[in-house]
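Me: Hi! Could you take a close look at one charged part of this protein for me, and then walk me outward from there? I'd like to know how the side chains pair up and how open they are to the surroundings.

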Amino acid sequence: TEGVKSRPYMNTRMPRFGGKQVMGELAQQLINVDKLDNVISVSQTEPERKVKAHGRFLAGEDALSCIKCHTFGKYNATGIQAIDLTTMTERLAKDWFQAYMLKPSNFRRGTRMPESWPGGKSFYPDLLEGNAQKQIDALWMFLADADKAAKPKGLVRSKLELKATDRPIIYRNFIQGAGARAIGVAYPEQTNLAFDAQNCRLALLWQENFIDASRHWTGRGQGFESPLGENVLPLHDTVVFVSELVEGQWPREFSDAQRPKFKGYRFDKDRRPIFKYQIGDVTIEDQPIPVVQDGRPLLKRKFKITSNGPQKIYYLAAMGKKVNAKANSFAVDDRFETALSGVTTSVLKASNGQSALLGVIDLSNGSAEFEQTYDW
């Protein structure tokens, strides 16, 4: 009805046929007569965030290289300028997309679109069980974020991509999701984090590529930069340590007495930062340490707590709609798992209606140590 320009690289435009009073229900009628038979239902077992990360990988230069031919929002393709990837899920029906991706030539003879799953087999057997339908579904889920989807690898050649090789590197600047006083840390183990020094909290975790510093290191350096890598996990944005609960619930905001004061950081012998902050008369040393378990990158945090006198404080380890206890850990909204050692744990309701996983820290001797591990 509006003559949409879905293919701006073509000289011929789709004509405008008029409004609904002219076209009636033609669009729905076309859908009704063109239904696909034997549509396969796809069910993913991994969290949505991870599935989207797989889809982003498939679209990028290290996998199917969709961006070599297709534009991606405002970004041109590196080769021919085929139809925009960020409009796919708006324009197409999902079942048609699934079938088309398996064998494009069945739908369009002579197409340049390659058969990326020849014979229904995947080139990536370790990705989503090597299941072609699940991988195509992951690509669809990633593209469903449209212009808000993270940029696939290779779409933009970063001018100043920072990489940790033999030692960690620190990046202090405006990081999206971690605030204006963010401290980004990249570890050689391809694990990255952003610490919010304003509120003394671990804000983000992600894997692989670290960050593009060109926004902040050229020109006036304005704005927030997002993580460059995969599997970005935002953590709770609220007070982390308190000395008392409010009506048996986790508070939503800081009281003046509980407002943390950032005291900087120091390095261990491997140049891994140890963050230090203070709440009242309680001092916290917080050291994130990347570990690799069964080939998977995890993150461990080691806490050292000291106080001027005996007391009990509470630590917010995780928050989500659902926090479920497992054998040796807790699952949080099916987004990640976390384990605590050295403290007593409990789960209670937070003031925002979510569930809070707490560590109860006994400072009767004036000090305590405990650890938390993240698997995402």
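Reply: Happy to! Let's begin at Lys 269, which counts as exposed because its relative accessibility is 77%, and the cut-off for exposed is over 50%. Please keep in mind throughout that this is a predicted model.

Lys 269 has a salt-bridge partner in Asp 270, and their closest N and O atoms are 3.3 Å apart. Asp 270 has a relative accessible area of 33%, so this residue is partly exposed. Asp 270 also forms a salt bridge with Arg 272, where the closest N and O atoms are 3.7 Å apart. The 4 Å limit for a salt bridge covers such a distance. Put the pairs together and you get a network of salt bridges that links Asp 268, Lys 269, Asp 270 and Arg 272. As background, side chains of opposite charge can pair when their charged atoms come close.

From here we can step outward. The structure holds 18 salt bridges, and another one worth a look joins Lys 134 to Glu 129, with 3.2 Å between the closest N and O atoms. The two partners sit in contrasting surroundings: Lys 134 is buried at a relative accessible area of 11%, whereas Glu 129 is exposed at 60%.

Glu 129 has a second feature to note in its backbone. Its phi is positive, about 65°, although Glu 129 is not a glycine. In general, most residues other than glycine have a negative phi. Glu 129 is found in the loop between α5 and α6. If you enjoy that detail, Asn 38 offers another case, with a positive phi near 55° in a residue other than glycine. Asn 38 lies in the loop between α2 and α3, the latter covering residues 48-59, and at 75% relative accessibility Asn 38 counts as exposed.

Back to the helices on either side of the Glu 129 loop. Helix α5 spans residues 94-102 and helix α6 spans residues 132-143; their axes come within 10 Å and cross at roughly 125°. That angle makes α5 oblique to α6. The crossing of α5 past α6 is right-handed.

For a change from charged side chains, turn to helix α2, residues 26-33, where Leu 26 lies. Leu 26, Leu 30 and Val 33 form a nonpolar patch on the surface, and together they have about 290 Å² of accessible area. Leu 26 itself counts as partly exposed, because its relative accessibility is 34%.

Leu 316 makes a good contrast: this residue counts as buried, because its relative accessibility is 0%. Leu 316 lies in strand β13, which covers residues 312-320. Leu 316 and His 236 are 80 residues apart along the chain, yet their C-alpha atoms are separated by 8.9 Å.

Finally, here is the wider setting. The protein chain has 7 helices and 19 strands. Its C-alpha atoms fill a box of roughly 75 × 45 × 45 Å, taken along the principal axes. Of its 376 residues, 44% count as buried. Within that frame, the place where we started is the network that links Asp 268, Lys 269, Asp 270 and Arg 272.

Methods:
Residues numbered from 1 in each chain as written. Predicted model: local features only at pLDDT ≥ 70, side-chain atom pairs only at ≥ 80, totals over all residues. Heavy atoms only, no water. Patch = residues over 30% accessible without salt bridge, like charges linked within 9 Å, V, L, I, M, F, W, Y side chains within 5 Å. Areas by Shrake-Rupley, 256 points an atom, 1.4 Å probe, with all protein chains shown as cover. Salt bridge = Lys/Arg side-chain N within 4 Å of Asp/Glu carboxyl O. Helix = DSSP H or I, 4+ residues; strand = E, 2+ residues; numbered from the N terminus. Buried < 20%, exposed > 50% of the residue type's maximum accessible area, 1.4 Å probe, protein only. Axes fitted to C-alpha atoms, helices over the stretch in contact; angles between N-to-C directions. Parallel < 35°, antiparallel > 145°, perpendicular 65-115°, else oblique. Left-handed = near helix turned anticlockwise from the far one by under 90°.
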